[in-house]
Amino acid sequence: MAAWIRGGQVYDVHTGEYREVDIQTQDGRIASVGASGSPSGDDTVVDVAGAYLFPGFIDCHVHLCMPTEDGNPANPWMGKLPGETAIYAAQAAERTLMGGVTTARDVGGWDYHEIAVRNLINRGKLKGPRLFCAGKLLSITTSTTAYYPGMYDTANGVDEVRAMARKQLAMGADLIKIMGTGALTSTEYEDARAIQFQLDEVKAAVAIAEENYKHCAAHAHACEGIRNAALAGCRSVEHGSFGDEDTYALMAEKGTFLVPTVCVHSALTADQTAFDNLLPHIRQRYIDCEEAHLKNTKLAQHVGVSIAMGTDAGTPGNHHGDNMQEIERMVTGAGLTPRQAIESATMGGANLLRRENELGSLDAGKFGDIVGFTADPLADIHAIRDVALVIKGGETMRNDLNG
Ligand SMILES: [Zn+2]
């Protein structure tokens, strides 16, 4: 079970430079990078001469059960059989993997179909990324739960929050996700500038998560919601659109990760069908918020907030498998350097998940997760969307390098 990946330009996330070295994997892990020697008779040899090799990318914000081909968010699975959602999620997982994402965090599933997909991937029965799943997300009573009956569990007050967090863990969740503020993809009654859970409720969710060796992720657009998430000890703030400098400084101080998801706007406007089908008030919010979202992502990064890449794949037009567009957008829209954006999608995600010993770099001992390109994404970030090679756990999942 040894493989040699030979002749590539291997990207070192620690130095930001390439080295032309061979990678050897053994039983799914990286055995060596740049060691001398040559393959023995039983070893698999993957010739990647000239390709640019990166650690498998980590997407910290996906919704595998959400169908992006149907842009109408008013209950996308109404009238469909439960099995259709499960099969969709399995196919979305495979597309995500082939798109260069070897690890993903699902922050809002649908009736736990995504957890079934995770389990089957782990058993080797399906192809997909290593998955960390939140199960259903916790929300206060809101009109928006009608849009997503399979995704939301309602809780009000600390006792209900504790109970619903425990329920997700009992269903196999790897983390807890809460709605700290209103959302863009919500009814007209909801305001993304308003908080939803109060600080004591957020703290209750964090406590249940951390006591069980998990973490809590908070959806938050509004500044006060971002602040509550940081104060309560959430591991990550999702979106973080309307923060101010003091609030981002608090996140930096507390070690709260930001998962910006800035590609939600450009993905929607790039897909005319999704754009046309979307409810008008949601479409307008996506358009109105983009500039502040991009500017504030840069501000957060500037004041020292740790960034982890997340696409929000599953929102309208934000297709599963096109995940690399977020790295591109962090550069072209939010003004991060290619190295910073790639860092967020490798070690950023690994650190958020507390898996820095297993994920996020091409170092001996970590999982043999490798993604390759024919052109150099550091020289031109647009090349990041042309994934040509995906290796997960030492096994080649996709290889278009010589095709
Ligand atoms: Zn989301």
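Which residue in S10 stands opposite Ala 104? The partner is Leu 131, and this pair is a good doorway into the model you have in front of you, which is a predicted one. Let us start from that pair and work outwards.

## The sheet around Ala 104 and Leu 131

Strand S9, residues 101-106, runs parallel to S10, and four bridges join the two. They belong to an open sheet of three strands, ordered S8-S9-S10 and paired in parallel. At its edges stand strand S8 (57-62) and strand S10 (130-133), each of which pairs on one side only. Neighbouring strands here are turned against each other by 15 degrees on average, with direction ignored.

Although S10 is an edge strand, both of its faces are covered. Arg 130 and Phe 132 lie on one side, Leu 131 and Cys 133 lie on the other, and all four are buried. In a regular strand, side chains alternate between the two faces of the sheet.

## Helices that pack on this sheet

Helix H2, made of residues 113-122, lies across S9 and S10, and its direction is at about 150 degrees to that of S10. Helix H11 (residues 338-352) also packs on the sheet, where it touches S8 and S9. The direction of H11 makes about 60 degrees with that of S8.

H11 has a helical partner too. Its axis and that of helix H10 (residues 325-332) come within 9 Å and cross at roughly 145 degrees, and H10 passes H11 in a right-handed crossing. On the H10 side, the contact is made by Ile 327, Met 330 and Val 331. H11 brings Pro 338, Ala 341, Ile 342, Ser 344 and Ala 345 to the contact. By class, that gives seven nonpolar residues, one polar residue and no charged ones.

## Two residues with positive phi

The loop between S9 and H2 deserves a pause. Asp 111 is found there, and so is Tyr 112. Neither is a glycine, yet Asp 111 has a positive phi, near 50 degrees, and the phi of Tyr 112 is positive as well, at about 70 degrees.

Are these residues buried or exposed? Asp 111 is partly exposed, because 18 other C-beta atoms lie within 10 Å. Tyr 112 is also partly exposed, because it has 19 C-beta neighbours inside 10 Å; the count for a buried residue is 20 or more.

His 221, in another loop, joins them in this table of C-beta counts.

| Residue | Other C-beta atoms within 10 Å | Class |
|---|---|---|
| Asp 111 | 18 C-beta atoms | partly exposed |
| Tyr 112 | 19 C-beta atoms | partly exposed |
| His 221 | 27 C-beta atoms | buried |

## His 221 and its surroundings

Where is His 221 placed? It sits in the loop between strand S14 (215-220) and helix H5 (223-232). Despite this loop position, His 221 counts as buried because it has 27 C-beta neighbours inside 10 Å.

Which residues is His 221 in contact with, leaving aside its neighbours within four places in sequence? They are Thr 181, Gly 182, Ala 192, His 239, Ser 241 and Phe 242. The C-alpha atoms of His 221 and Met 179 are separated by 9.7 Å, and the two residues are 42 residues apart along the chain.

## A second sheet

Now for a sheet with another pairing pattern. Four strands form an open sheet in the order S5-S4-S1-S6, and its pairing is mixed. Strand S5 (29-33) and strand S6 (44-47) stand at the edges; each has a single partner strand, so one side of each is left without a neighbour in the sheet. From one strand to the next, the twist averages 20 degrees.

Within this sheet, strand S1 (residues 2-6) runs parallel to S6 and is joined to it by four bridges. Here Ala 3 has Thr 44 of S6 as its bridge partner.

## How the two domains meet

Stepping back, the protein is divided into domain 1 (2-55 + 360-399) and domain 2 (57-352). The centres of the two domains, taken over C-alpha atoms, are separated by 29 Å. Across the boundary, 19 residues of domain 1 are in contact with 22 residues of domain 2.

Which elements give two or more residues to the side of domain 1 that touches domain 2? They are strand S7 (52-55), strand S18 (389-392) and strand S19 (395-399). By class, this side of domain 1 has 11 nonpolar, four polar and four charged residues.

Conventions: Residues numbered from 1 in each chain as written. Predicted model: local features only at pLDDT ≥ 70, side-chain atom pairs only at ≥ 80, totals over all residues. Domains from an automatic or database assignment. Contact = placed C-beta atoms within 7 Å. Nonpolar A, V, L, I, M, F, W, Y, C, P; charged D, E, K, R; others polar. Pairing = 2+ DSSP bridges. Axes fitted to C-alpha atoms, helices over the stretch in contact; angles between N-to-C directions. Left-handed = near helix turned anticlockwise from the far one by under 90°. Buried ≥ 20, exposed ≤ 12 C-beta atoms within 10 Å, placed from the backbone.
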